[in-house]
Amino acid sequence: MKQRKIPLRMCIGCQEMKPKKELIRVVKNKENEISMDLVGKKPGRGAYICNSLSCFEKAKKGKKLERAFEAAISEEVYNQLKEQLEGFDGS
């Protein structure tokens, strides 16, 4: 029996290739709203990040999300994403 190929995505924080299921997708939709997509099915432009605060801080410091979405991201959106990530991480 053939083994299925596991899709890999790169974390924008640590730049490591990891299985798609282990990463959290951040999405920008047509209305330019940015949110976390824990299921991976929301429509829009996506960027992937590990579920660790250190990767989130690296992405924020290097403005990696702004580059991925080609748009300015407000501090308010970063705070919302950080809160959601903290809740998901359980810390």
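**Exercise 1. The largest pocket**

What is the volume of the largest pocket? Describe its lining as well.

*Solution.* The model is a predicted one.
Step 1. The volume of the largest pocket comes to about 330 Å³.
Step 2. Its lining consists of 15 residues, and the closest to the pocket centre are Lys20, Lys21, Leu38, Val39 and Gly40.
Step 3. Sorted by character, the lining of the largest pocket has seven nonpolar, two polar and six charged residues.

**Exercise 2. Lysine 21**

Locate lysine 21 in the fold and decide whether lysine 21 is buried or exposed.

*Solution.*
Step 1. Lysine 21 lies in the loop between strand 2 (17-19) and strand 3.
Step 2. The relative accessibility of lysine 21 is 83%. The cut-off for exposed is over 50%, so lysine 21 counts as exposed.
Step 3. Lysine 21 is also among the residues closest to the centre of the largest pocket.
Step 4. Serine 52 is 31 residues apart from lysine 21 along the chain, and the C-alpha atoms of the two are separated by 14 Å.

**Exercise 3. The open sheet**

Give the strand order of the open sheet and explain why one side of strand 4 and of strand 5 is left without a neighbour.

*Solution.*
Step 1. The open sheet is built from three strands in the order 4-3-5, with antiparallel pairing.
Step 2. Strand 4 (34-37) and strand 5 (45-49) are at the edges; each has a single partner strand, and therefore one side of each lacks a neighbour in the sheet.
Step 3. From one strand to the next, the twist averages 30°.

**Exercise 4. Strands 3 and 4**

Work out how strand 3 is joined to strand 4 and what lies between them.

*Solution.*
Step 1. Strand 3 covers residues 24-28 and runs antiparallel to strand 4, with four bridges joining the two.
Step 2. Within this pairing, arginine 25 is opposite aspartate 37 of strand 4.
Step 3. The two strands form a hairpin, and five residues lie between them.
Step 4. In the turn, asparagine 32 has a positive phi of about 60°.

**Exercise 5. The whole chain**

List the elements in order and judge the compactness of the protein.

*Solution.*
Step 1. The protein has three helices and five strands, which run β-β-β-β-β-α-α-α from the N terminus on.
Step 2. The radius of gyration is 13 Å, and the globule rule gives 12 Å for 91 residues; the two are close, so the protein is as compact as a globular protein of that length.
Step 3. Along the principal axes, the C-alpha atoms fill a box of roughly 50 × 30 × 20 Å.
Step 4. Of the 91 residues, 31% are buried.

Technical notes:
Residues numbered from 1 in each chain as written. Predicted model: local features only at pLDDT ≥ 70, side-chain atom pairs only at ≥ 80, totals over all residues. Heavy atoms only, no water. Pairing = 2+ DSSP bridges. Axes fitted to C-alpha atoms, helices over the stretch in contact; angles between N-to-C directions. 1 Å grid on protein atoms, 1.4 Å probe; cavity = no way out; pocket = protein on both sides within 12 Å on 5 of 7 lines; lining within 4 Å. Points joined across faces, edges and corners; volume = space filled by probe spheres on them. Nonpolar A, V, L, I, M, F, W, Y, C, P; charged D, E, K, R; others polar. Buried < 20%, exposed > 50% of the residue type's maximum accessible area, 1.4 Å probe, protein only. Rg over C-alpha atoms; globule rule 2.2 N^0.38 Å.
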